[in-house]
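Please look over the sequence and the three-dimensional model shown here, and then read the short report that follows.

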Amino acid sequence: MAEAIIGGLISRNIVSPHSITAANLQDQLRLEYIEETYKVNVQSDRLEAVKEADIIILAMKPKNLHDAIAHIKPVLTNDQLVVSVIAGIPTSLIEEELGAPIPVIRTMPNTSAKVGESASAICRGAYATDAHLATVETLFRAIGSVSLVKEEQMDAVTGVAGSGPAYFYYMIEAMEKAACEAGLSEEQAHELVTQTVVGVGKRLQNTKKSPSELYQEVMSPGGTTEAGIHTLRDHSFQQTVQSAVGKAVHRSKELGQVLSKN
Ligand SMILES: NC(=O)C1=CN([C@@H]2O[C@H](COP(=O)(O)OP(=O)(O)OC[C@H]3O[C@@H](n4cnc5c(N)ncnc54)[C@H](OP(=O)(O)O)[C@@H]3O)[C@@H](O)[C@H]2O)C=CC1
Ligand SMILES: O=C(O)[C@@H]1CCC=N1
């Protein structure tokens with residue numbers, strides 16, 4: 001996710017590569033790849049990276065948060081801003097781990113950040129001001145859209161938009177497989193399915209019609225789409241999708257609860 005943010009920020013020329021420093025836990029090869037690909041600074045000493053920074057973006061897995069904060073805490077000051085992209089983790093928990101009134105902004109971007117098309121949401125913790133929120137909004141606008149939400153809405157955002165790209169890629173994989181089974185080459189399948197998805201996204205952004213109106217527009221009575229949609233309906237496709245999103249939202253809540261208890 002951090003790579004997607006770096007890629008998005010740089011491709012939009014919002015932040016110069018020289019003002020970004022990437023650090024990780026131990027994967028030196030990965031740091032070298034990031035340095036070479038994005039021409040950003042890399043730092044294998046996390047403390048050095050954090051000391052120099054105005055904004056620290058935490059992009060480790062939830063299970064690594066405790067150790068990550070414990071390590072950098074000694075060099076953090078209240079003048080810095082901590083931004084989290086970590087799923088499920090409330091700002092209150094991060095503030096507690098920090099043990100000081102350091103401003104925290106919680107965000108939930110998605111991997112479409114890499115092409116400047118993330119659907120991100122942000123909210124602020126107890127010590128963050130509107131100015132901090134505005135700073136992060138500006139940064140995240142460089143990687144797509146930004147919704148200001150209440151913190152209690154963040155788990156919903158995570159299940160829908162954070163995880164969202166994966167649901168579509170999963171479906172796209174199935175459509176491409178079906179296309180090949182029906183006689184298209186892998187290349188043809190990929191090109192046709194990709195453009196179909198791009199078209200759907202653009203259409204959604206440019207119409208007031210509901211999704212229901214839009215799929216009905218494609219369906220001719222007794223035609224091909226009806227045959228396909230009826231099969232999806234017979235296999236409870238929409239209930240399955242609703243249940244998948246519901247599970248992801250639940251998992252986001254769970255991630256926060258599990259860490260809060262430890
Ligand atoms: N993937 C996605 O689509 C999205 C992910 N997120 C959130 O982003 C976070 C990262 O996910 P993702 O990018 O998929 O995971 P990755 O495993 O790809 O990246 C995690 C990174 O964290 C680094 N790391 C681990 N421990 C520490 C530490 N103590 N200090 C500094 N860096 C550390 C790892 O370094 P090393 O490799 O050296 O161990 C690695 O670079 C998660 O919290 C996730 O919830 C949010 C939105 C979308
Ligand atoms: O799967 C995850 O936990 C992360 C959060 C949102 C997308 N990926």
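In this predicted model, the buried residues of helix 7 pack against four elements, namely strand 5, strand 6, helix 8 and helix 12, whose residue ranges are listed below.

| Element packed against by helix 7 | Residues |
|---|---|
| Strand 5 | 104–108 |
| Strand 6 | 118–124 |
| Helix 8 | 164–181 |
| Helix 12 | 237–261 |

Helix 7 itself spans residues 154–162, and because 7 of its 9 residues are buried, this helix is largely enclosed by the rest of the structure. The buried residues of helix 7 are M154, D155, V157, T158, G159, A161 and G162.

Turning to the chain as a whole, the protein has 262 residues, of which 26% count as buried, and its secondary structure comes to 12 helices and 7 strands. Taken along the principal axes, the C-alpha atoms fill a box of roughly 70 × 40 × 30 Å. Where contacts join residues at least 6 apart in sequence, 62% of them link residues at least 24 apart.

The largest nonpolar core holds 44 residues, among which I5, L58, V82 and V83 touch the most other members. Helix 1, covering residues 2–11, supplies the largest share of this core, with 4 residues. Leaving aside residues up to four places away in sequence, V83 touches I55, I56, I57, L58, I105, T107 and V136.

Which residues are the closest to ligand 1? They are N24, L25, D27, A68 and A87, within a surrounding set of 24 residues, and this shell divides into 13 nonpolar, 6 polar and 5 charged residues.

Key: Residues numbered from 1 in each chain as written. Chains lettered and ligands numbered in written order. Predicted model: local features only at pLDDT ≥ 70, side-chain atom pairs only at ≥ 80, totals over all residues. Helix = DSSP H or I, 4+ residues; strand = E, 2+ residues; numbered from the N terminus. Buried ≥ 20, exposed ≤ 12 C-beta atoms within 10 Å, placed from the backbone. Contact = placed C-beta atoms within 7 Å. Near = placed C-beta within 6 Å. Nonpolar A, V, L, I, M, F, W, Y, C, P; charged D, E, K, R; others polar. Core = buried A, V, L, I, M, F, W, Y, C linked by C-beta atoms within 7 Å.
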